[in-house]
Amino acid sequence: MIYYNNELIYPKLCAVLELPAQRFVYPIFKNASSSLEELSVGKVYNNKINDVTQTVDVYWREASTRFHSGVNTYLRFNPLLEPKTLIHLIQRGELVNRHFMPQYMWLCHLYKHYTGTINILDVNNLDISVHKNRSGYIGEYCVAPAHWIDLDNLIFDKFAGETTVIEEINEYIESQSRVLYNKCIAQE
């Protein structure tokens, strides 16, 4: 089940970046969020998102690659903590951080403040220079909780390049994998 203390996981404010030409993007950590923020001309927060846009772009990354990059970033940011213990907790799904949590959880955070449509886009198709923040392998390997990877990849495989809403995503997951739906969404 994916249930965690929201105050520790999510940013205090839900922000959508405004890019030139009236484009709006919801930044997800480890999905070029730093590069997109540098390009932004402004930010829109929380319930004001509905007032300025009807559609928000969300860049999605292949789940396993993002997970490993995020775990390595987390380990690098926490050098005083014992890596093997952290990896054990992460693999069991008992330690969650915004750098490596499922991208679906980011969508849930957005939809607490926004009711419009989203475009799910492949981060590899970004036509900007993306920062490489040296979050490569640091000597420890972590196996991602399979349901996290399966959930994000199921969404990506169906909805990349599509305009949708969270309800449609949830219904699709439920129709394709009741076990995954129960474990990650219904939290049964």
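Let's start with one rung of a ladder: T55 has T117, a residue of β5, as its bridge partner. Before climbing further, a word on what you are looking at. This is a predicted model, where local features need pLDDT of at least 70 and side-chain atom pairs count only at pLDDT 80 or more, while totals for chains, interfaces and linings use all residues. Residues are numbered from 1 along each chain as its sequence is written, and side-chain values use heavy atoms, with hydrogens and water left out.

Now the overall inventory. The protein has nine helices and six strands. Helices (H or I, at least four residues) and strands (E, at least two) are DSSP runs, numbered from the N terminus. Of the 188 residues, 51% count as buried. Here, buried means under 20% relative accessible area, exposed means over 50%, and partly exposed is in between (1.4 Å probe, protein chains only).

Back to that rung. Strands of a sheet pair through backbone hydrogen bonds, either parallel or antiparallel. Two strands count as paired if DSSP finds at least two bridges between them. Strand β4 (residues 55–60) and strand β5 (residues 117–122) pair in the parallel sense, over six bridges. Another rung of this pair joins Y59 to its partner in β5, L121. On to the next neighbours: strand β2 (residues 23–26) and β4 run parallel and are joined by two bridges, with V25 matched to D57 of β4. β5 also pairs with strand β6 (residues 162–164), this time in the antiparallel sense over three bridges, and I120 has E162 of β6 as its bridge partner.

Put the strands together and you get an open sheet of six, in the order β3-β1-β2-β4-β5-β6, with mixed pairing. β3 (42–45) and β6 stand at the edges with a single partner strand each, so one side of each has no neighbour in the sheet. From one strand to the next, the twist averages 35°. Helix α6 (residues 103–110) packs on this sheet and touches β1 (15–19), β2, β4 and β5, its direction making about 165° with that of β4. Such angles run from 0 to 180 degrees between N-to-C directions, and axes are lines fitted to C-alpha atoms, for helices over the stretch in contact. And how enclosed is β4 by the rest of the structure? Largely, because five of its six residues are buried.

What about the nonpolar interior? A nonpolar core is a set of buried Ala, Val, Leu, Ile, Met, Phe, Trp, Tyr and Cys residues joined through side-chain atoms within 4.5 Å. The largest one has 49 residues, and those with the most contacts inside it are Y26, F67, L110, I118, I155 and I169. Helix α7 gives the most to this core, with seven residues. Take L110 as an example: leaving aside its neighbours within four places in sequence, L110 is in contact (heavy atoms within 4.5 Å) with C14, V16, Y26, I49, V58 and I118. There is also a second, separate core of eight residues, including L17, L19, Y59 and L126.

Next, a pair of helices. Two packed helices are described by the angle between their axes and the distance between the axes. Helix α4 (residues 63–77) packs against helix α7 (residues 146–159) at an angle of about 130°, with the axes 9 Å apart. That makes α4 oblique to α7: angles under 35 degrees count as roughly parallel, over 145 as roughly antiparallel, 65 to 115 as roughly perpendicular and the rest as oblique. A63, S64 and F67 of α4 meet W148, I149, D152 and N153 of α7. By class, this contact has four nonpolar, two polar and one charged residues. (Ala, Val, Leu, Ile, Met, Phe, Trp, Tyr, Cys and Pro count as nonpolar, Asp, Glu, Lys and Arg as charged, and the others, Gly among them, as polar.)

Finally, visit helix α9 (residues 178–186), home of K183. K183 counts as partly exposed, because its relative accessibility is 35%. Its C-alpha atom is separated by 9.8 Å from that of W148, 35 residues away along the chain. V179 lies in α9 too, and counts as exposed at 65% relative accessibility.
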